[in-house]
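I opened a fresh page to keep track of what I looked up, in the order in which I looked it up.

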Amino acid sequence: MAGAAEDLKVLGTKQSMFTQRVVWALKLKGVEYEFIEEDLVHKSSLLLALNPVHKKVPVLVHDGKPIAESKIILEYLDETWKERPLLPEDPRERANVRFWAAFIDDKLMEASKKAFVSTGDDRAKAMESTMEGLKLLEQELQGKKYFSGDEGIGYFDIVAGWIAYWLQFIEEIGGFKVMESTKFPCLDAWIKNFLQVPSVKQSLPSPDKLLNVFGAIRMAMQNEII
């Protein structure tokens, strides 16, 4: 049974790829919730109270109790609302999906961040690492419409979702290119399919807002270097 909006809140920002993971999952499951937009420059006392350790979004608040970190929230949602499962039932398949989710966040995302902030040889190495990661995902997608299979997106796709939309803005502001349709045709097809999923499509932030966000991040990093 879906939770009522007053029982379930999400603290986040619409531009955040991590917040959107939670939003997509809730929409897929048909769960009602209240969205509380946070200002990450001037963090609210509510956010600091609910997530005092990391002080980051997203935070899910269910019956007054907070849960932080996007992948943990996804698993909590899947265990609490059984409709439209995100993770496979088979324990080995679930373990495999968790492995790839960790790889996406810990390896691929970190490599793309390094490419975004670095220059010269360091950037070239980071770009190479990013493309190696994309190649592994390309292989994992062989013969499938989505990472989770042909029937629809799941946990794996949701965690990888930043590649489908946010990566292009990271590339543009960072001045590099790693995602090319000719090199990664399966990923390119997945991106097109993923972005057409209604729960995803209706929640995406505007390109202008993301360009502004990543532009501000890039400028702040350059000022720190100077």
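Before sorting any residues by class, I noted the convention: Ala, Val, Leu, Ile, Met, Phe, Trp, Tyr, Cys and Pro count as nonpolar, Asp, Glu, Lys and Arg as charged, and the others, Gly among them, as polar. I also wrote at the top of the page that this is a predicted model.

**Entry: the largest pocket.** With that convention I went through the lining of the largest pocket and found 18 nonpolar, seven polar and 13 charged residues. The lining is made up of 38 residues, and those nearest the centre of the pocket are Ser-16, Phe-18, Leu-40, Lys-113 and Ile-217. For the space inside I noted about 1,400 Å³. I then asked which helix gives the most to this lining. I found that helix 4 does, with eight residues, while helix 1 (17-29), helix 3 (70-80), helix 4 (91-117), helix 6 and helix 9 (207-225) each supply at least two.

**Entry: where that pocket sits.** I looked up the domain assignment, which gives domain 1 (8-80) and domain 2 (91-224). Both domains give residues to the lining of the largest pocket, so I placed this pocket between them.

**Entry: the two domains together.** Taken over C-alpha atoms, the centres of domain 1 and domain 2 are 21 Å apart. I found 15 residues of domain 1 in contact with 23 residues of domain 2. The area buried between the two domains came to about 1,700 Å², and carbon and sulfur atoms give 68% of it. On the domain 1 side, the residues that lose the most area to domain 2 are Gln-15, Met-17 and Trp-24, which together account for 41% of what that side buries.

**Entry: the second largest pocket.** Here I noted about 400 Å³ of space. The lining has 21 residues, and Leu-86, Leu-87, Pro-88, Ser-148 and Gly-149 are the closest to the centre of this pocket. By class I recorded nine nonpolar, five polar and seven charged residues. Helix 4 and helix 6 each supply at least two residues of this lining, and the largest share, three residues, comes from helix 4.

**Entry: one residue of helix 6.** I turned last to Glu-171, which lies in helix 6 (residues 155-174), and asked whether Glu-171 is buried or exposed. Its relative accessible area is 5%, and buried means under 20%, so I entered Glu-171 as buried. Leaving aside neighbours within four places in sequence, I found Glu-171 in contact with Phe-176, Lys-177, Val-178 and Met-179.

Terms used. Residues numbered from 1 in each chain as written. Predicted model: local features only at pLDDT ≥ 70, side-chain atom pairs only at ≥ 80, totals over all residues. Heavy atoms only, no water. Helix = DSSP H or I, 4+ residues; strand = E, 2+ residues; numbered from the N terminus. Buried < 20%, exposed > 50% of the residue type's maximum accessible area, 1.4 Å probe, protein only. Contact = heavy atoms within 4.5 Å. 1 Å grid on protein atoms, 1.4 Å probe; cavity = no way out; pocket = protein on both sides within 12 Å on 5 of 7 lines; lining within 4 Å. Points joined across faces, edges and corners; volume = space filled by probe spheres on them. Domains from an automatic or database assignment. Buried area = accessible area lost by both parts, 1.4 Å probe.
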